[in-house]
2 protein chains.
Amino acid sequence: MNGNSAPLFNDLGGIYHWQNSNSGRTQVMGNTEDDVGAARSGRVRIADIARELGLNPSTVSRAISNPNRVNPETHKLVAQTARRMGYTANHLARSLRTGRTNTLLVAAPSQPGLPISPVVIDVLHGIFFEAGRMGYSVFIRETDPSGMAPTNRRPLSGLADGIISISGTAEIIQSGGLAAEMAHLPLISLLTDQTQLNIPSLIADEAAGLYQAADYLIRQGHVKLAYIAGPLDISEHDRPRYQGFCRRLEESGLLDGHVRIEGGSYDFSSGTRAAETFLDLPDKPTAVIGVSDAVALGFIRRIKDAGLRVPEDVAVIGYDDLAYSAYTSPSLTTISQPTVEIGKAGTRLLIDACSGRFDLKPQLITMPTHLVRRESA
Amino acid sequence: MNGNSAPLFNDLGGIYHWQNSNSGRTQVMGNTEDDVGAARSGRVRIADIARELGLNPSTVSRAISNPNRVNPETHKLVAQTARRMGYTANHLARSLRTGRTNTLLVAAPSQPGLPISPVVIDVLHGIFFEAGRMGYSVFIRETDPSGMAPTNRRPLSGLADGIISISGTAEIIQSGGLAAEMAHLPLISLLTDQTQLNIPSLIADEAAGLYQAADYLIRQGHVKLAYIAGPLDISEHDRPRYQGFCRRLEESGLLDGHVRIEGGSYDFSSGTRAAETFLDLPDKPTAVIGVSDAVALGFIRRIKDAGLRVPEDVAVIGYDDLAYSAYTSPSLTTISQPTVEIGKAGTRLLIDACSGRFDLKPQLITMPTHLVRRESA
DNA sequence: CTGAAAGCGCTTACAG
DNA sequence: CTGAAAGCGCTTACAG
């Protein structure tokens with residue numbers, strides 16, 4: 001190692017060990033030495049193939065991108081040679097010329113110091129799936145609502161055909177340096193309703209989800225319910241969920257007796273904090289709905305420590321249906337939202353809009369949620 | 001909506017509702033109408049600014065990219081005009097010309113039908129953090145070891161300055177269509193030792209982690225230990241962990257009595273399956289280490305249902321220290337590995353290698369793990 | 001069906 | 001300090 005390595009690791013504060021690898025082996029993948037071209041970067045270009053074959057570059061280009069507009073023999077020859085020489089098209093050059101990138105820009109929110117949330121990950125999974133199927137690549141830009149993290153704010157232009165904003169408000173999107181792109185590219189918002197900004201939005205029916213949860217509890221005979229709220233400022237998720245909760249209570253005349261506990265965020269510790277508030281309540285609700293699974297689980301953990309039984313003393317329902325919610329003790333009754341489907345459908349709609357096959361209007365599409373019954377309620 | 005929408009949703013199998021947005025409002029962000037240029041895509045180019053100012057495009061370019069090589073007055077004028085006209089540099093054109101993209105390509109593994117794992121997410125978080133700090137963007141390509149998912153295999157060229165492979169084997173990387181890029185770009189492997197392929201690798205000391213876990217249990221007096229294994233074929237993670245486990249047992253002469261239970265994968269259900277095997281064991285170990293937190297939690301959940309107490313009857317330790325492992329009942333004693341730091345350090349090393357500031361050799365860097373003591377052991 | 005030319009939007013030696 | 005020219009690697013009318 002050269003001397004430059006030290007400051008790196010000083011900055012990163014890590015203890016580390018160097019080991020020598022078993023050297024002497026050669027790189028596994030790569031071009032063979034006798035390949036032609038390799039002018040600038042060592043890469044084979046269309047011009048190299050053309051020279052090798054005594055053809056015009058335009059013919060080689062056609063053979064690669066539009067095989068049907070070229071002699072079958074020529075196509076075969078070019079294809080073989082391209083493979084032999086290890087040619088891969090330069091994405092930059094092709095996109096610059098055609099004006100199409102076959103790339104989607106995804107703005108994914110993250111809190112400072114926290115990784116992308118599991119819910120967003122599921123949406124991303126749907127995006128990757130559908131984008132891969134359609135031959136699109138994915139450019140990810142983390143956006144930080146708080147502006148604390150060193151997110152990349154460098155404005156980007158020309159590198160994508162469309163934008164997906166996950167759970168993002170207008171400010172969040174701007175913070176990602178995407179404003180300029182938004183003015184020119186089709187855009188869809190997932191998980192958050194932004195139709196008031198004329199942005200097509202594909203969301204889970206969060207209000208219906210909380211309605212379903214409250215309905216389930218009320219049918220079980222609960223009359224005093226609590227809702228553990230999420231953050232009001234950053235996201236748009238708390239409001240519709242609380243509304244759905246209240247709507248169902250109102251229908252049974254139970255609205256007056258309900259308790260709204262401010263959790264603060266969507267994470268476990270917000271749930272434990274909410275539990276502290278709950279435990280201090282003189283007249284405790286018998287059923288609680290958390291704004292997220294993590295909040296519900298943090299809440300359960302804390303009230304179990306205080307000697308309360310779930311669901312016997314307090315029934316608890318979450319929202320998200322994360323993978324581990326089926327394996328906790330008690331396993332968590334929760335509202336499942338079609339996150340992966342939202343990712344897939346949003347990607348499909350956007351790609352179709354990019355190619356002009358679909359007219360993406362600033363409308364709201366709502367996907368249904370459903371209750372997953374387990375042990376906690 | 002036009003008629004094209006129906007087949008979309010047939011494919012996606014979703015029930016959905018359209019709502020009309022409150023229309024009539026105008027787009028929030030965008031160029032004002034009297035801006036110049038807008039030849040092809042509606043975007044402002046350097047040529048537009050130059051025309052507006054009566055300058056040569058090269059001067060405008062310099063003013064934007066190299067302010068110090070231009071008259072301060074000119075710089076100011078260009079900067080103002082660029083802002084007013086809403087100019088953002090075309091990333092494609094710039095990169096094509098300079099040969100530098102300021103972009104990193106990340107190959108992230110995913111199992112078919114499953115989203116990216118929490119561990120990989122943490123590494124990605126570190127990558128985003130450090131890349132953002134250094135002004136780099138991140139291109140993500142999901143790679144599918146099984147080849148089942150419709151991952152994007154289109155070969156990409158020219159769009160990144162370096163490649164990060166997370167927890168990937170050579171085959172996995174190839175499946176992502178990255179072989180050609182690998183031959184030309186600096187590459188680093190995170191979480192998986194690939195130095196045998198001459199690829200610099202930055203990993204957690206998994207062997208030491210399992211050694212620490214076994215050590216902790218043995219010091220508590222346990223003499224019969226079990227290890228729930230992960231998959232052998234796909235990943236390289238099981239082997240070093242099992243080795244570390246065995247090494248510590250051997251030191252105390254306990255190796256002969258140990259049990260290795262095949263879990264199958266890293267997820268919860270693998271843990272519950274392993275628990276079934278465990279419950280059938282005539283002479284049960286009193287302490288169990290899972291290859292992952294999810295496996296350990298799935299295991300705990302199942303043996304609790306069978307009437308065993310954790311840690312009184314069976315002590316359980318996991319590996320990963322995921323966020324929710326602190327909130328389960330019992331909370332999980334586990335091995336923490338510096339995933340975020342690995343992401344940050346790997347990104348830093350790679351970027352410095354891209355810019356020639358650092359000579360990235362095919363060596364192995366190992367980051368330390370540590371035991372997090374909670375309730376389960 | 002193939003070739004020659006122009007151009008996507010930018011940057012950078014090279015002159016002046 | 002600024003201008004004119006060339007070129008990154010590709011594609012696509014336009015001729016032939």
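**View 1. Helix 5 of chain A meets helix 5 of chain B.** In this predicted model, the two axes come within 9 Å and cross at roughly 135°. Axes here are lines fitted to C-alpha atoms, over the stretch in contact for helices, and angles run from 0 to 180 degrees between N-to-C directions. That makes the pair oblique, given that angles under 35 degrees count as roughly parallel, over 145 as roughly antiparallel, 65 to 115 as roughly perpendicular and the rest as oblique. Helix 5 of chain A goes past helix 5 of chain B in a left-handed crossing (near helix turned anticlockwise from the far one by less than a right angle; clockwise would be right-handed). On the chain A side, A:Leu92, A:Ala93, A:Ser95 and A:Leu96 make the contact, and on the chain B side B:Leu92, B:Ala93, B:Ser95 and B:Leu96 do; contact means heavy atoms within 4.5 Å. Sorted by class, this contact has six nonpolar, two polar and no charged residues. For the classes, Ala, Val, Leu, Ile, Met, Phe, Trp, Tyr, Cys and Pro count as nonpolar, Asp, Glu, Lys and Arg as charged, and the others, Gly among them, as polar.

A word on conventions: residues are numbered from 1 along each chain as its sequence is written, while chains are lettered from A and ligands numbered from 1 in the order in which they are written. Local features need pLDDT of at least 70 and side-chain atom pairs count only at pLDDT 80 or more, whereas totals for chains, interfaces and linings use all residues; side-chain values use heavy atoms, with hydrogens and water left out.

**View 2. The protein around DNA strand C.** There are 25 residues around this strand, and the closest are A:Arg62, A:Thr74, B:Ile46, B:Ser61 and B:Arg97. Of the strand's atoms that come within 4 Å of the protein, 65% are sugar and phosphate. A residue counts as near a molecule or strand if one of its heavy atoms lies within 4 Å of it. Look for the bases, too: a polar side-chain atom of B:Arg97 sits 2.3 Å from a base oxygen, and one of A:Ser58 sits 3.2 Å from a base nitrogen. B:Ala93 joins in through a backbone N or O atom, 3.2 Å from a base nitrogen. Polar contacts are pairs of N or O atoms within 3.5 Å; within protein, one must be able to donate a hydrogen and the other to accept it, and residues adjacent in sequence count only if both atoms are side-chain atoms. Helix 3 (57–65) and helix 5 (91–98) of chain A, along with helix 3 (57–65) and helix 5 (91–98) of chain B, each give at least two residues to the surface near this strand. Helices (H or I, at least four residues) and strands (E, at least two) are DSSP runs, numbered from the N terminus. The surface near DNA strand C breaks down into seven nonpolar, 10 polar and eight charged residues.

**View 3. The protein around DNA strand D.** Here 25 residues surround the strand, with A:Ile46, A:Ser61, A:Arg97, B:Arg62 and B:Thr74 the closest. Sugar or phosphate takes 66% of the strand atoms within 4 Å of the protein, and bases take the rest. B:Thr74 puts a polar side-chain atom 2.7 Å from a phosphate oxygen, and B:Asn56 has a backbone N or O atom 3.0 Å from a phosphate oxygen. A backbone N or O atom of A:Ala93 lies 3.2 Å from a base nitrogen. Two or more residues of this surface come from each of helix 3 and helix 5 of chain A and helix 3 and helix 5 of chain B.

**View 4. Helix 2 against helix 4 in chain A.** Helix 2 (residues 46–53) and helix 4 (residues 72–85) pack at about 120°, axes 10 Å apart, so they are oblique to each other. The crossing is right-handed. A:Asp48, A:Ile49, A:Glu52 and A:Leu53 of helix 2 touch a group on helix 4 that includes A:Leu77, A:Val78 and A:Met85. The contact divides into six nonpolar, one polar and three charged residues.

**View 5. Two cis peptide bonds and a positive phi.** Most residues other than glycine have a negative phi, and most peptide bonds are trans. A:Val310 and A:Pro311 are joined by a cis bond with omega about 10°, and A:Pro311 is in the loop between helix 12 (293–305) and strand 10 (315–320) of chain A. In chain B, a cis bond links B:Ser329 and B:Pro330, omega about -5°. B:Leu191 has a phi near 75°, positive for a residue other than glycine.
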